[in-house]
Amino acid sequence: MVSGNDQKEKILYSVKVDEKFRQVFFNAQEYVRKYFNTKVEDPRKGVIEISGERYLLIRAAAMSVELFELIETLYKDRGDKNARAMATDFLFDVSHALGKSDAKRFHSKMNFTDPIQRLSAGPVHFAYSGWAVVNLLPESNPTPDENYLLIYDHHSSFEADAWIKNKKVTDFPVCIMNAGYSSGWCEESFGISLVAVEIECRARGDKQCRFIMAPPSKIEQHIFHYTGKTQEKGNKATVFAVPEFFHRKKLEDALNEAHNDLEKQIEERTIELQRTNESLKREIEQRQQSQKIFEKVFNASPFGFYIIQEKKFQFVNPEFQRITGYSDKELLNMESLTLVHPEDRGMVREKAIQMLKGYCVKPFEFRAVTKSGETNWISEKIVPIEHDGKPAAFGYYMDVTEQKLTEEALKRSEEKFKVLYEESKRAEEIYRSLINSSADAVVTYDLEGRANYVNPSFTEMFGWTLKEVKDGRIPFVPKSEMKATMATIKSVVEEGRPCHGFETKRFTKNGDLIDISISASLYKDHKGKPSGMLVILRDISDSKRLQAQLHQAQKMEAIGTLAGGIAHDFNNILMAVQGNVSLMLTQTEAESSHYDRLRNIERQIEMGSKLTSQLLGYARKGRYEIKPIDMNKLIEIIIETFGRTRKGVIIHKELADDLSLVEVDEGQVEQVLLNLFINASDAMSGGGTLTIKTMNVKSKDMSDGQYKPKRGNYILLSITDTGTGMDRETMEKIFDPFFTTKEMGRGTGLGLASVFGIIKGHGGYIDVESTLGHGSTFKIYLPASKKVTIDSITKVEKAVKGFGEILLVDDEEMVLSVGQEMLEALGYKVLTAKSGQEAIEVFKEKKSQISLVILDMIMPGMGGGETCDILKQMDKDISIILSSGYSLEGKAAEIIKKGCNGFLQKPFKLHQLSESIKDALEKSSDSCYL
């Protein structure tokens, strides 16, 4: 029960929401708590009953990681990607349906009608039923329309816990049922279609399991918008494809059903037309037979005969009487036009006039009215005669009403058949046009596996023409792929199961082996019986290569992150050693036996610092001081030094006179040149030629193998040796950290790795070309600059003492301790803090005493950047020096721009510390140096 105090505070212990939603969620919490307090258990009957509903206890792992892997295994034959998609779609749709069902039952049970009220019960219900406590983010907008948006966290998702507990390594979000169940519940609550996608997942290494829920038409837009923001903050949000398993299945079933219905309708309409035509044929034959009889039995003729004289009937035969319905007495002396339908009298009168004028009048049709008032169609033929010596007209009169109706029916039938035929022919033309214009290769086989059609793309891809393969088997299946191929064909032909995205290999006509993706399905004849197989083959060789390149790039990026972290931590250790050595040197006379040993230790620290600079170079975090330089001059200096030590190497230079300047860290580029020169020399152990070229190039002239250069001007530096060269396997690994072909003790494996990182860190590109036994060429592209060169200024290594109070902030105890001693040796009073939060508290208390802050960049909790922002808010004029085991790059550069007065790269010497303090305080009014 909630106590009186709790009631006032309205504690939400099952959900976290923004203040504006607290009341409605608090109410929902009370309803759900009461609902679940009705729990009854009876193990004898296996019953767990809550508010009259039976529940089941199922292991979380069984409903998450184990079920996911089971479904993946079932669809393994479709490839890893499709198998994962099938498992994801299945779990999502099942849980989505469960969420809708539970929500509908719960809303009805609790008599909830308002959408927000229905939604509020969802997260609380999740917490009580074992899904997870939900944290709804303030950016959410739960409105019952297309603008619906819910961003929320499941801090204890049972799916993420199951994957972590089972030690399953994953690179994709796994809380699929959470997403499905939540979106199902909210879809039922708001009456709109909703889908949820997990964008962060603890099982993948994220801090929390975070979801975005929105209508299907808007979900990708929200994901892209959100991940764009979070990626700027350093998060690793991943766009997850919206599940569509059941939706796709329904579409496929609907398409097959529509196809079958169309074939059935065509068959039925064809039979109907055939029957109609046969009926008409029989009627025409009967008519022809009747006409022959009429000729023989004129007096019993079915034609009505008459004679008209002076517009009145003078003679009619029995058939005429029958047709008109009048007796001969009624017809004689009757006006002839009396029988004609009023609307046709003008036409009949005109025919009679033409006949009297001597024109040949062909049989014509008109409507006649019988005695009973019925309207019939009459076919009539009139000719001029003499009757009783006077001009008259003789005509035959035939009732053609049924024939007229039949002809009209036949005409309509023919029109329908014509339209159907044209539609069928048009569909066939479209079908053939689509296949012929398809970029993918298309083959149709009969049920025996013989090819009866290949499209032009097949010929272009594999080399065989239709004439070469028709009615035969195409010889392009490798032995290694035969078993899997036959299993796939059996599944399609015998089980009628379509195949999608089956990845395999095939030979071309000239013997090349290419990677392809196959989709196949069974097609039927007009009677619905299996007739053959349609196979679509797509060349995925380029896709496979791109995937391999992407994998390599991701691996290099991951190793770079690791290398940077190692360098940062190692620099902190070196800082402690360097600080103590610097302090000892200040207390040791130059004549002392320990003085040289301390200097030797200092040189070893410098060597260790160079090693970490190589790691930082590989991690692309090694640029210290960027300025415009003339690459030709730097090359000349390095060649002069290098040439003295490697006299067996002939150096050939081809340096462009008009070479553009480049903005680089001179020391880092020196490292690049020395590494490449030394590697080239080692590859030419017996001597050889080293050729160095420079030239100006444009981005359009650069290689587009594994990278797409940014548009602009570059300089090209190429270094070619005549050494042993490399095979392809070696070339694929040369930029990996700690990879070396040299024997133990002759290399760390960081040289080319740091070259790669330094060039990438300067916005450049590097290519390598090599053939085993024929030397190697390294090509380096660096962005050109329009600035002028800046001469280097060498500073004297002398510690400058000062006075005042300095706040030193660092989370490493050893760095904090030695840093304090170094500052005190320089004459400063020192306040220390082990975290950003502690630094703020100290500054708040002793703000007026502090002249300068030395701030570590990387700290747990509140980092250097956030601490700097708060200190500047408290005193915008405070001088701050940023310190880090990383270099002045990335985040450090951003923090410096916010108003820091300097940067100290760990490890630093006593004189470097004093110079940084002096430079920082010269920029403020509180100068306290001597």
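**Group meeting: a walk through the model**

Let's start with the cysteines. The sulfur of Cys 201 has its closest cysteine sulfur in Cys 175, 4.0 Å away, and that is too far for a bond. The cut-off for a disulfide here is 2.5 Å between the two sulfur atoms, and by that rule the count comes to zero disulfides. Keep in mind that what you have on screen is a predicted model, so every value I quote is computed from it.

While we're on cysteines, how exposed or buried is Cys 201? Cys 201 is buried, with a relative accessible area of 0%. Cys 360, on the other hand, is exposed, at 70%.

Now scroll back a little from Cys 201, to strand E7, residues 195-200. E7 is mostly covered, with six of its six residues buried. What does E7 pair with? Its partner is strand E8, residues 209-214: the two run antiparallel and are joined by five bridges. If you want a pair to click on, Val 195 stands opposite Ala 214 in E8.

OK, on to the sheets. There's an open one of three strands, in the order E2-E3-E4, and the pairing is antiparallel. At its edges sit E2, residues 40-42, and E4, residues 53-55, each of which pairs on one side only. From one strand to the next, the twist averages 30°. Look at E3, residues 47-50: it pairs with E4 in the antiparallel sense, over three bridges. Which residue of E4 is the bridge partner of Glu 49? That one is Arg 54.

Further along the chain you'll find an open sheet of five strands, and here the order is E15-E14-E18-E17-E16, again with antiparallel pairing. The edge strands are E15, residues 451-454, and E16, residues 499-507, and each of those pairs on one side only. The twist in this sheet averages 30° from strand to strand. E16 runs antiparallel to E17, residues 513-524, and seven bridges join them. Phe 507 has Leu 513 in E17 as its bridge partner.

Right, helices. I picked three packed pairs. First up, H4, which covers residues 80-110, packs against H7 at an angle of about 40°, and the axes are 6 Å apart. That angle makes H4 oblique to H7. The crossing of these two is right-handed. What kinds of residues make up the contact of H4 with H7? By class, there are ten nonpolar, nine polar and five charged residues.

H4 has another neighbor to show you. Helix H3, residues 65-74, packs with H4 at about 135°, with the axes 8 Å apart. H3 and H4 are therefore oblique to each other, and their crossing is right-handed.

For the third pair, jump ahead to H24, residues 836-846, and H25, residues 864-874. Their packing angle is about 15°, and the axes lie 10 Å apart. Roughly parallel is the call for anything under 35 degrees, and H24 and H25 therefore count as roughly parallel to each other. H24 passes H25 in a right-handed crossing.

Last topic: a few loop residues. Most residues other than glycine have a negative phi. With that in mind, click on Lys 167, where phi is near 55°, a positive value in a residue other than glycine. Where is Lys 167 found? It's in the loop between helix H6, residues 158-165, and helix H7, residues 176-190. Lys 167 is exposed, with a relative accessible area of 74%.

Asp 388 has a positive phi as well, about 55°, although it is not a glycine. Asp 388 is in the loop between strand E12, residues 375-387, and strand E13, residues 390-399. Is Asp 388 buried or exposed? Exposed, with a relative accessible area of 67%.

One more loop and I'm done. Arg 646 lies between helix H19, residues 631-645, and strand E20, residues 649-654. At 26% relative accessibility, Arg 646 counts as partly exposed. How far apart are Arg 646 and Ser 681 in sequence and in space? They're 35 residues apart in sequence and 7.4 Å apart in space, going C-alpha to C-alpha.

That's my tour. Happy to go back to any of these on screen.

Key
Residues are numbered from 1 along each chain as its sequence is written. This is a predicted model: local features need pLDDT of at least 70, side-chain atom pairs count only at pLDDT 80 or more; totals for chains, interfaces and linings use all residues. Side-chain values use heavy atoms; hydrogens and water are left out. Helices (H or I, at least four residues) and strands (E, at least two) are DSSP runs, numbered from the N terminus. Buried means under 20% relative accessible area, exposed over 50%, partly exposed in between (1.4 Å probe, protein chains only). Two strands pair if DSSP finds at least two bridges between them. Axes are lines fitted to C-alpha atoms, for helices over the stretch in contact, and angles run from 0 to 180 degrees between N-to-C directions. Angles under 35 degrees count as roughly parallel, over 145 as roughly antiparallel, 65 to 115 as roughly perpendicular and the rest as oblique. A crossing is left-handed if the near helix is turned anticlockwise from the far one by less than a right angle, and right-handed if clockwise. Ala, Val, Leu, Ile, Met, Phe, Trp, Tyr, Cys and Pro count as nonpolar, Asp, Glu, Lys and Arg as charged, and the others, Gly among them, as polar.
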